[in-house]
Structure formats: structure tokens, C-alpha cells
Amino acid sequence: AGYMMAGYGMQGVQPMQLTAEQQQQQYQQYQQMQQQQQLQQQQYQQQYQQYQQQQQQQQLQPQQYQQYQQQQQQQPQQQGSQGPLSVAGCADPTVGNIVRGTFNLMTENHGRPVYKKSEVVANNPTLDVLIYFWDERDGANFCGWWFGPKVGGDQVWAYNSERSATPPSTGWRVPYDGAVDASFVISGAQGGQQAYGQQAYGQQYQQQMYGQQQMTPQQYQQQQMQQQQMQQQQMMQQKQREEEQRRQEQQRRAEQQGVMNCQQILQKLTGVTPETIDHIKDEVEKMVMQELPKCGSQAEAVRAEAAQQIQMAQVRVEQVKQQRIEEERLNGERCEFAKKVLAELVALVTQAEQDTAALKTTAAPVLESKIMSEEDARTAGKAVSEVSVAAKASCKACSDFIVERRMNIDSVKPPLLAPLREEQLKIQERIQECYKIVVSSTISAKVMIDKAVKKTAATKTLEKRTSAFEKYNGKREVMTIDEILAYAKGEYAFPFSKEAAAVVAKKYGDGKSVPRVHFQRIKVAVGIAREEEASRARKKEAELKRLALEAKKKAIEADIQKVADVLAEAEPAVAKAEEAGKTEQLSRDYLNATPDKDAVTAATESASAALKDAQDELGAVRTRLSDLVSSADDDVKQWVIIEIRKVEMKVSAMEARLVQTGQAGERGRHCLQMLEAKELQAAKIEVARLLRSKKLDIEELFKAADKDGDGVVNLVDFTALTEGCEGCKLSGEKIEQVYNMYNDGGSGSGFSKETLFLASRSYYFVAAETVLSSTENLEGDTVRRLELKELLEVLEGPVEEASTKISRVRCRAVFDGVEGWVTMAGNNGTVYLMASDGILEVAREVPITDALDQGNVLRQLSHGEKLEVLEWDKKTTFEDVRVKVKVKGSTDMGWVTRASADGIQYLKIQ
């Protein structure tokens, strides 16, 4: 049943066809079953050899049994625990986490050992993991080795169908009905089998030997004969069972092969057509009848499926026939509609042919005429253009119609498509012929019109030249030297020299005059003389410009030198700034040690003043250089930019010398900010200590501060409250700075009760590993260790420990509420606690509500908002951890989830 083909031998399930891929998978499963059977055969042979060895051992005499007992006593007493199994691999992460580990022999079940995992399962320490064997009492499908929490239980994790004496090394299925997991391996099974066999045989042997000691020799011989007869019967029964199993296996294989052959044959029916149905049907029926005797018990199921497949093939063929008839009907309708479309197209083409014929008639006079005036040409061109518009529109209408309605023709299928396509091509040829007439007529008419226009222009140019010649020679055929001079002066206002006119007359005439045919030569000679005169004028102008440019450059060079002199005067200021930046009080070593605030302040102010003076002088130089560039004329501006670059480079070099001074001043200012922040933080902690020293709850403390009863604590109230505390040494200025920290930088109207409560609290975070102890002195018991970055709220102190003078504070860990004393700093300089604001920052968007559990949402808190804590961690009924906060910089107060029950962190310590 384990390898039976899907779809057969299953009551209540319809037979189903197998794909080629499914057949291949079943063939692979079949090969695996063969391999498993071969392994089982080998195991049977091994068991038979062990059986023969046991028979030989049972012939031992009682004296030999005593020797055997002595040998057993000398061996280590590990008989029951030999051969532990090791399970490794498993691709399934959930199952792998459960089964991987070491298994020891626990008991036996159904004649096989039972193993139990020695390690506990992560996240489920009470879960037992067993390896056990189950025989065929519930059916062959349940026989084999199993992984489960209980022998014979419903829950299992892995399965192996082998019947071996010990758990097989490979071939495990995860889950039990899944594929074989090649990575799932059990090692040490052989040693376990030997240990289990030895233990079982030892117990059996002891029982036999004990019984033999109570028998007479005749009884002992009789018992031996009975045992031999029983063993022979068992061997014959075992051989008969093996022969029966082999026969059944061969029969199952033959049936399986026959079923697979029939399935392959039935696949031919999937692609039948009305033309091939009869031939393929006869072939399939014949081949199925040949294979049916081989199918055995599954023959009827195969026969039924074959009949069903043939019936389904016939149904599909009938459907194909009906589809063809319907398709022919629809194709006929599409053909008739396509004919109507072509008729509409023919009407459009006929109109286009009429319009192109009219264009051809209109363009005929232009195309046939060789001589045409410009006016006649333009008139004819206008007429051709008007007619061509209509012709082009008609042709375009035909093309657009084809594009829009082409699908109506293409949707027709053969054989009706061929005559429609032939007619369509003929119509398209007529459209192409119309396009050719339109294009040729339009282009030819345009060419003829252009020729007429050019000819008219050339005639006018010739007439103009002739009129100019006759204007100065009195309509004679020659032009004298004096007339040439008059022509140059009258037409071009140019004083042509008489010598040049004589050269022209000599070269192109008789030395006194030039004939009409060389009038163009006279014109060219006058043009050359005009260009030569213009060139001489340009050279003269260029020389004047060059002299003016040189004068400008000399004046600018003098201005640049003045700027350079001013730059030289800035050298002392730059040197002074350099020295101010090198002072020891601004060095990194000094500032990183224990700097004196007054010394750092003086050095920073001196360096800043010297730096500003030097930068001002260099800035003035750069301003003057920029003015020189902006005021320069365009013809010298590029030259000025190049010349002032030398001075700019010197300015840049001096500015580079000031960089170190600027960095030193920045270090000084940063150091002063840090010192002031530390002083303010210390003042804040001192104020909190003083307020806590009053040992009042928040209601009493607020009442003591709000003397005028207006509901807020202003600066006067806060100063009076702080200064009234015992041991207050803070100045009024420091108290005001602390007040402003909680009062929106001094812009608020005063403290609320919650803000005063925040002012009375101070926090530290753990900077180095230390412990929380039970007493103020160092000899107290350790409550627990503190983690790095852990936040602590101060409850008392700081106070000095009596014996060591070390400062210690009583704190509460904010996340678990554990209280105790902590050392702030050791004698060797190790700092264990550092001051913290105790501010929470929103890590992801979260609502703020007006109640701990189910309250109204006040608003959504955005990422990065800062929160001051009024009450630390409280758990809701849903196990969420929530805190009561005041939004920094606003008056919003309420409850916010710090961490959800499933571990999502919404807030983090800043």
C-alpha cells in the first residue's frame, strides 16, 4: 500500500490521471522501496546468522555458564546503556529543534528497543522525545520506526518504514507523510543494536541456565530436542513468510507496471481531434486490453478509467465539432460585414480619384508652360494649392479609414479571407496612385513657379545694372575715366582715384574708356578700392584702441600695487592671531585634562578678538580686489582677473594661517559650553537633593512652594523653596538657571505640580560594571549586579561612606524597582555612575492616553519627541508596560506604552 499508485485501491476516491512528473516521482518511490527491501533482506540474513550463533551458545554446559557469568562481572556494568544514538541534520527547523541530540536506551516495544532523548527541548523542557518501533498490528502502513513524545501516540515528527532491529541511519520522512529528508541521519545505531542484543541474550541465557540447573539429564535432553524442533518449525515458517512476501511483492510490481503502462497509453487521448478520434480510440482499446491482465486487482479500476477517458475524448471531439460550426457561422458574418466595409472604402477612393483628377487638370497649364511671368506663376500656384488641399484630404480620409477599420477585415479567417484581401490590395493600389498624382502635381507646380520667380528677379537685376551704366555715360556704349569717377561717387559716395580709374580703363578698354560689356569689371574695381580704404581705417582705429588699453593697464597696475601694500600692512594682525591660537589654555591636552574656566575664557576671548581683527583686514583687501574687477572695462576685465590672482593667493595663504586659531577658539567655546553644562547639571542634581531632603510628598512640597496659592510655582517661589532647604549653597543665578530648564527656557508662566515633581528627581546611568548593595557602607550584601547603561533614580544622597570617604547614593532601578546603595566613583578614579536627565525618546509612533489601561487617546506622539517620566513602569491587564509622562516642551501629560506584551519597544532612553 505504501507504493500503490495514487487513484487506485482507494475506496470513495475517483480515479485521477497522472502527469509525466507524477509518474516519474512514483517510479523513484518504487526504486526506493526496492532498495529498502534489499536492506531488509540483508537484515534477515544477519538475524539468521545471529540465531545460529545463539543456538551454538545454548549448547554451553553449566560450567561454561559460570565462566560466562564471571566474564560478565569483569566487564564494565554498562550493558544496558551501550550504544547511545546521535540524531543530526533535519531540514525542517521546527522538527529539527525537537529531534536533534543524543538518545539513550530506555525500554522496549514490540520486540525492538525504545530510545529517549537525554537533552531537554528548547522552549519546552517538559517534552519527551522517543524513538520506538511499531509492528503491523494496526496495518502495514503503520509499521516501522517513529519519532514521537509517546509510544504509539497520535503525535509524531518523523517516520521510517524499515523493519530493522534498531533505528535505521537514513531514509527518514519529515513529516511522516512527506518526502525523505537526506540530511536526517542517525549515527551509533549499529553499536546500540549489538548492546541491545547482548543484553537480551544475557537475560535469556541466564533464565535458561537457571532452568537447566533444576533438571535431570533426561529432562534436559528432552527439552533440548523440543527446542530444536520448535526452532526448525520457526525457521520453516520464516522461510514461508519470506517466500509469500516475495511473491506478493513481485505481483505488486507487475500490477504497478501494468497500471503505469495503461496510464501512458491513455495519455494519447488528450490530444485527439475529429479527424484522429477513430484511429486513436482503436489503438488505445487494443493496447489497454493487452495490458489489463497484468494489472491484477486493479484491472477493473483501469478498465473503468479507460472507458471514462475514451468517453471524455469523444465529448471533447463533439465540442470541437460544434465549435467549428459556430466559428464558420461567425466567420461568415464577419466576412459579410468586411464586404460592407470595403464598399465604404471604395466610395471614399472614388471621391479621392475625382479630387486628384481635378488637381491634375488644374496643374496642367503650369506643367505644360515653359515661359510664364511671375504674376501668372503665382496665380496658377494658388489655384493648384487650393485644389491640392481637397485632394490630400480625400487621400488621407482613405488611409484613416483603412487604419480604423482594418480589424474588421483581419478578423475574417481563411478561406473567406483570401478574396477580401485581394480586393483590399487593389483598393490600396488605387489610393497609392492618388497619392502619387497629388505629390507629383504639387511638387512640379512649385518647381515651375520657383523658376518663374527666379527668372523675373534675374531680369530685374540685369535691368538695374543697365540703367546704372546708362545713367553716367549718356547711353553710349563706353564709359570714360571721368564717368567712372562719377559712378563711384554717385552710387557709393566713394572718392575713387583717377589713377585707379585709368588702370581699369587701360586693363579693360583703350586706356581712355571701358566698353559696356566690362561694366561689371568697373563695379568690382570700385568695390576693391572701397575695401582697401576701409581696411586702412580699421588699422588706424585698432592702434588707437591699443594705446588706450595700455594706458588703462598702467593705471590698474598702480591700483593693484596699492592693494598689495595694504595686504602687507595686515601681516602683524595675522601673526598676532596665530600666536593667540597657540596659547596653552586652548590646546587639546589642557582642555581634555582639568581646565580652569577663567583661563579658558580669557584665552578664548583673546583669540577670538585677534582672529576678528585679522579677518577684517583680509576682508578689506578682498573687497578692494573685487571692486577692481567689477569697475574694469570689458576689454581689460579678464586681464585684471589674472593680475589680481597673485594678490588673492597671498590673501588665501594668510587666511590658511588663521584656520588653526579659529579651531582653537572653537575648542575653547566648546569646552566652556561643556563646563557650563556640567555646572548646570550639578546644580540640577543639587536642587533635586535639596528638595528631596525636605522629605515631603509631592502635594506637601507643592503647597510649601506655592506660598501665594495661585496654582503655579514662579521663580520667586522656587528660589525661596530652594534657599530654605538645609545646606543650600547655590547662588541665585544657578537656581534661576535650573528654574529656566523646567520652565521652557524662562518663557513659561511657572511650574505645575508635575514639573516641580520632576525637579525633585535626579537620575544616573551605569558607566562601569558595579553592584547594588543593601547598606550605605561597603560591607552590605549584594542585591544584584547592575548592567551597563542601566538607568537609576536617586532616592537619597550622595553621602560619603564613613571608612573610605567614597560617595554613595541610594537608588532605584527604574525598570524593575529594585533599591539599594551604589558607589558613584572609586578611589582609583573609576566612575561607576554618570548623571542622566532620565528622558525617554519616542522610537516609533505611539498614542498618549489619559489612563493606564483603556483611556482616551490625547494625540499621537511622533518619532523623536522627548518625554519626562512622572511614573515608571506599570503593567496593564494586557501585560503592556506603560509609563506616565509629560511631553517635554509642552503641557501634554498622560500614559504611554514603553514596551508591548509581544516585545515591541516604543520608547528608548535618550
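In this predicted model, the largest nonpolar core brings together 30 residues. Those with the most contacts inside this core are L567, L618, V621, L625, V640, V647 and L658. Four helices give two or more residues each to the core, namely α12 (519-569), α13 (571-581), α15 (597-631) and α16 (634-657). Of these elements, α15 gives the most, with ten residues. It is worth having this stretch of the chain in view while reading on, as the following paragraphs turn to the sheets and then to the empty spaces.

Two open sheets can be described in turn. Strands of a sheet pair through backbone hydrogen bonds, either parallel or antiparallel. One sheet is built from seven strands in the order β6-β5-β4-β3-β2-β1-β7, and the pairing is antiparallel. Its edges are formed by β6 (158-160) and β7 (185-187), each of which pairs on one side only. On average, and with direction ignored, neighbouring strands of this sheet are turned by 30 degrees against each other. Within the sheet, strand β2 (residues 101-109) and strand β3 (residues 112-117) run antiparallel and are joined by six bridges. A reader wishing to find this pairing on the structure may start from T107, whose bridge partner in β3 is V114.

The other open sheet also deserves a look. Seven strands make it up, in the order β19-β18-β22-β21-β20-β17-β23, with antiparallel pairing. Here the edge strands are β19 (857-861) and β23 (907-909), and each pairs on one side only. Neighbouring strands of this sheet are turned by 45 degrees against each other on average, direction ignored. Six bridges connect strand β21 (residues 881-887) with strand β22 (residues 893-899), and these two strands run antiparallel. A handy landmark for this pair is V883, which stands opposite V896 in β22.

Attention then moves to the spaces left between the atoms. Rolling a probe the size of a water molecule over the atoms shows where empty space is left. The second largest pocket has a volume of about 460 Å³. Its lining consists of 20 residues, and L691, R692, S693, K695 and L795 are the ones that lie nearest the centre of the pocket. Two helices and a strand, α17 (659-693), α18 (698-705) and β13 (791-800), are the elements that give two or more residues to this lining. The most comes from β13, with seven residues. In chemical character, the lining of the second largest pocket divides into nine nonpolar, three polar and eight charged residues.

Enclosed space is described next. With 30 Å³ or more as the cut-off, the count comes to one cavity. The largest cavity has a volume of about 50 Å³. The residues that line this cavity are V341, L342, L345, F401, I402, R405, R406, I409 and Q424. Two helices, α7 (299-368) and α8 (374-410), are the elements that give two or more residues to the lining of the largest cavity. Of these, α8 gives the most, with five residues. By class, the lining of the largest cavity holds six nonpolar, one polar and two charged residues.

Technical notes
Residues numbered from 1 in each chain as written. Predicted model: local features only at pLDDT ≥ 70, side-chain atom pairs only at ≥ 80, totals over all residues. Heavy atoms only, no water. Pairing = 2+ DSSP bridges. Axes fitted to C-alpha atoms, helices over the stretch in contact; angles between N-to-C directions. 1 Å grid on protein atoms, 1.4 Å probe; cavity = no way out; pocket = protein on both sides within 12 Å on 5 of 7 lines; lining within 4 Å. Points joined across faces, edges and corners; volume = space filled by probe spheres on them. Nonpolar A, V, L, I, M, F, W, Y, C, P; charged D, E, K, R; others polar. Core = buried A, V, L, I, M, F, W, Y, C linked by side-chain atoms within 4.5 Å. Buried < 20%, exposed > 50% of the residue type's maximum accessible area, 1.4 Å probe, protein only.
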